[in-house]
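Visitor: I'm new to this one, so could you walk me through it and tell me how you know each thing?
Guide: Sure, let's look at it together.

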Amino acid sequence: MNGKTKPPNYTVSSGTSNTRLYVSMFLSIVYDHLINPGHWTEDMRDHALQPADLDDRNMLVVDVGGGTGFTTLGIVKHVDANNVTILDQSPHQLAKAKQKEPLKDCEIVEGDAENLPFRTDYADRYVSAGSIEYWPDPQRGIKEAYRVLKLGGKACLIGPVHPTFWLSRFFADVWMLFPKEEEYIEWFEKAGFKDVQLKRIGPKWYRGVRRHGLIMGCSVTGIKPASGDSPLELGPKEEDVEKPVNPFVFLLRFALGASAATWFVLVPIYMWLKDQVVPKGQPI
Ligand SMILES: C[S@@+](CC[C@H](N)C(=O)[O-])C[C@H]1O[C@@H](n2cnc3c(N)ncnc32)[C@H](O)[C@@H]1O
């Protein structure tokens with residue numbers, strides 16, 4: 001498991017969009033206190049990390065899109081912090097992670113999930129929680145997960161699931177990527193992973209309800225069966241450059257995005273109230 005080589009210092013690629021950086025700066029302020037309590041609790045995190053088999057304190061783990069380090073706090077319960085690297089494209093998110101005492105020995109790296117600054121066959125475990133919905137090309141990110149893992153290493157990707165209820169589906173579709181369960185499996189298999197498994201997760205008070213989708217709805221794992229790069233061939237990554245945006249389109253997108261975000265802050269509160277009112281054992 002040992003043989004850690006430090007990843008090179010890495011700065012945000014010139015293609016990284018400023019808009020996304022501003023959004024993540026704003027989100028770094030609200031994640032831990034507003035978003036996570038309704039969608040991503042400590043119980044859920046521990047449940048979602050179980051299939052990652054973090055069973056050796058010496059294993060090398062990369063937490064991609066690690067943000068403010070909420071998921072990393074779950075990882076360092078099982079793995080020595082100095083074997084864990086937190087990677088994120090946002091320096092504002094990483095600054096919050098750095099302030100957390102249990103994470104002070106973690107390596108902190110700025111970088112892009114779709115172009116990881118780690119050598120091939122580097123890590124024993126790849127973890128990414130609640131980040132895929134922001135990646136422009138999820139298949140490319142999962143191919144990178146495969147590349148950086150050692151032979152027999154395991155990827156554990158935790159992410160949203162698509163709603164079936166019409167209004168939640170509308171807001172999900174205008175907001176960000178809420179993949180379907182079968183899409184996760186397909187991305188993992190195409191990247192070359194074997195033994196791909198999907199575990200459903202969700203807040204306790206939802207009683208298993210999935211019609212509104214979930215911002216954290218599943219934990220998908222796969223094992224790397226051969227060393228080296230992924231067998232999947234993808235063309236070069238598209239340049240992510242800022243194009244001039246029509247101000248009306250920008251305002252419309254902003255209003256729709258803000259309504260969708262509000263909807264997904266309110267849904268867990270609504271479900272929590274329902275859970276309080278509807279007798280236990282009955283569906284909600
Ligand atoms: C919702 S936060 C999740 C943070 C953390 N994993 C957790 O469980 O609380 C999503 C994170 O993904 C990061 N992110 C989004 N796209 C990324 C990319 N292409 N490369 C690296 N990080 C990315 C964002 O900056 C943000 O910190």
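Visitor: How do strand β5 and strand β7 pair, and over how many bridges?
Guide: Keep in mind that this is a predicted model. Strand β5 (residues 149–161) and strand β7 (residues 214–223) pair in the antiparallel sense, over seven bridges. At least two bridges are needed for two strands to count as paired, so with seven bridges β5 and β7 qualify. One of the partnerships links cysteine 156 to threonine 221 in β7.

Visitor: Which helix packs on the sheet touching β5?
Guide: Helix α5 does, and it touches β1 (61–64) and β4 (123–129) too. The direction of α5 makes about 155° with that of β5.

Visitor: What is the order of the strands in the open sheet?
Guide: Seven strands line up as β3-β2-β1-β4-β5-β7-β6, with mixed pairing.

Visitor: Why do β3 and β6 stand at the edges?
Guide: Each has a single partner strand, so one side of β3 and one side of β6 (194–200) have no neighbour in the sheet. As for twist, neighbouring strands are turned by 20° against each other on average, ignoring direction.

Visitor: How do you know that β2 and β3 are paired?
Guide: Four bridges join strand β2 (residues 84–88) to strand β3 (residues 107–110), and the cut-off is at least two, so they count as a pair. These two run parallel. Aspartate 88, for instance, has glutamate 110 in β3 as its bridge partner. Between β2 and β3 the chain passes through helix α4 (residues 91–98), a right-handed β-α-β crossover.

Visitor: Why is α5 called oblique to α7?
Guide: Helix α5 (residues 138–148) and helix α7 (residues 181–191) pack at about 50°, with axes 9 Å apart. Roughly parallel would need under 35 degrees and roughly perpendicular 65 to 115, so α5 is oblique to α7. Their crossing is right-handed. By class, the contact has six nonpolar, one polar and two charged residues.

Visitor: And what makes α6 oblique to α8?
Guide: The axes of helix α6 (residues 166–175) and helix α8 (residues 247–277) cross at roughly 130° and come within 9 Å. Perpendicular stops at 115 and antiparallel means over 145, so α6 is oblique to α8 as well. This crossing is left-handed. Among the residues making the contact are Phe171 and Trp175 of α6, and Trp263 and Phe264 of α8. By class, it has nine nonpolar, three polar and no charged residues.

Key
Residues numbered from 1 in each chain as written. Predicted model: local features only at pLDDT ≥ 70, side-chain atom pairs only at ≥ 80, totals over all residues. Axes fitted to C-alpha atoms, helices over the stretch in contact; angles between N-to-C directions. Left-handed = near helix turned anticlockwise from the far one by under 90°. Nonpolar A, V, L, I, M, F, W, Y, C, P; charged D, E, K, R; others polar. Right-handed = clockwise from strand over helix to strand, strands pointing away. Contact = placed C-beta atoms within 7 Å.
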